[in-house]
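Work through the exercises below with the sequence and the model at hand. Each task is followed by a solution in steps.

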Amino acid sequence: MILKKISIINYKNIREASLELSPKINCLIGQNGVGKTNFLDAVYYLSFCRSANHAADSQLITHDQDFFVLEGQYESEHHEVEMIYCGMKRGSKKHFKRNKKEYKRLSQHIGLIPVILVSPSDYILIEGGSEERRRLMDIVISQYDHTYLEALSLYQKALQQRNVLLRQEEEPDMSLMEVLEMQMAESGERLYKKRDAFIQELTPVFQEIYQRISNEREEVSLRYVSHCQRGPLLDVIQRDRFKDRAVGYSLHGVHRDDLEMLISGYPMKREGSQGQHKTFVLALKIAQFQFLKRTASNSVPLLLLDDIFDKLDANRVEQIVKLVSGDEYGQIFITDTNREHLDRILQNGEFDYKLFEVDGGEIKMKEEA
């Protein structure tokens with residue numbers, strides 16, 4: 001899928017922008033805080049129906065304004081035009097439309113325009129808690145497998161209801177508790193199987209990309225850890241019901257799954273340098289590319305690279321540029337504060353590109369790199 005044109009009105013600090021984009025590489029240059037990341041977030045929003053940083057929709061509207069509008073004109077691999085619109089007024093729900101027809105459920109849109117976003121906040125995948133790593137799996141799998149979203153929704157609803165029962169002062173209704181536990185076990189095991197299959201397929205692809213970027217300097221791996229590996233999930237959930245009651249929430253289930261990130265067999269969080277952390281996350285995100293081509297639209301994903309070159313040595317930057325500018329990759333958006341990085345990308349490649357300058361929420365195309 002290619003984003004040919006985008007129109008942005010009152011989205012964060014971007015009051016108005018209407019841009020025609022390159023089908024290959026679009027570079028946005030500017031200092032920190034001027035709106036480069038906000039532009040990428042608008043592109044992300046048109047794919048996911050929400051902001052990448054999980055901000056409430058009302059917080060996305062420009063200060064002192066009453067609404068925001070995002071419109072994207074896309075072209076599929078079969079040269080079919082897709083018009084995506086989102087608009088929202090303060091105090092009202094948002095409207096999301098495909099070719100002027102409003103969606104009944106926003107989940108119907110997920111996967112139509114697959115997107116991979118790589119940003120500085122991705123450090124949290126290594127430094128943060130297990131919920132960030134589960135979210136990574138959930139975001140990727142749900143874009144190519146809608147039954148995964150259904151199972152995830154069922155599991156979360158049952159989990160929330162069980163936690164309510166656990167927090168009650170009086171003794172909970174055990175028959176209801178058992179029903180909820182069976183719902184958690186059934187949908188949880190479906191999630192586990194899909195996550196496990198995803199990680200098994202992802203790992204060798206991820207390792208190959210990391211080796212290319214690092215010139216085979218380090219060995220990295222992923223290890224999926226789940227309570228489902230301890231036996232039937234229903235037994236695991238029910239085994240410590242007394243402890244769950246004492247703490248007031250469910251201690252066991254796939255909501256506690258984790259994805260261990262390792263370098264030379266040791267935790268990346270403890271052993272890796274800043275450059276290795278950044279290479280690890282970047283390789284992990286780019287590896288997702290293969291999976292997102294499986295979405296219902298069979299589209300090549302958009303690749304959004306937000307300020308990725310900081311803390312990387314020149315050789316790793318060069319390898320990344322060679323990798324993502326290859327024919328296998330489609331449309332790419334790159335932001336950076338350092339013009340030299342972008343000049344190196346543009347001068348060494350024979351591909352179509354556009355360069356934009358961003359300042360104070362205003363985005364203007366430069367005629368020359």
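**Exercise 1: a short sheet**

Strand S10 (residues 258-263) and S11 form an antiparallel pair over 2 bridges. The model is predicted: local features need pLDDT of at least 70, side-chain atom pairs count only at pLDDT 80 or more, and totals for chains, interfaces and linings use all residues. Residues are numbered from 1 along each chain as its sequence is written, and side-chain values use heavy atoms, with hydrogens and water left out.

Task: state the strand order of the open sheet, and name its edge strands.

Solution. Strands (E, at least two residues) and helices (H or I, at least four residues) are DSSP runs numbered from the N terminus. Two strands pair if DSSP finds at least two bridges between them. The order of the 3 strands is S9-S10-S11, with antiparallel pairing. The edge strands are S9 (220-225) and S11 (266-267), since each pairs on one side only. Within the S10 and S11 pairing, Ile263 stands opposite Tyr266 in S11.

**Exercise 2: two hairpins**

Task: find the residue that takes a positive phi in the hairpin of S5 and S6, and the one in the hairpin of S6 and S7.

Solution. Begin with strand S5 (residues 81-89), which runs antiparallel to strand S6 (residues 95-98) and is joined to S6 by 4 bridges. Tyr85 stands opposite Lys97 in S6. There are 5 residues between these strands, and Gly91 has the positive phi, near 80°.

Next, S6 pairs with strand S7 (residues 101-102) in the antiparallel sense over 2 bridges. Lys97 stands opposite Glu102 in S7. This hairpin has 2 residues between the strands, and Asn99 has a positive phi near 50°.

**Exercise 3: a helix**

Task: is helix H3 largely enclosed or not, and why?

Solution. H3 (residues 130-144) has 15 residues and spans 22 Å from its first C-alpha to its last, close to the expected 21 Å. The expected span is 1.5 Å times one less than the number of residues. Buried means under 20% relative accessible area (1.4 Å probe, protein chains only). H3 is largely enclosed by the rest of the structure, because 11 of its 15 residues are buried. Among them are Leu136, Met137, Val140 and Ile141, together with the charged-type names Glu132, Arg133, Arg134 and Asp138.

Terms used
Buried means under 20% relative accessible area, exposed over 50%, partly exposed in between (1.4 Å probe, protein chains only).
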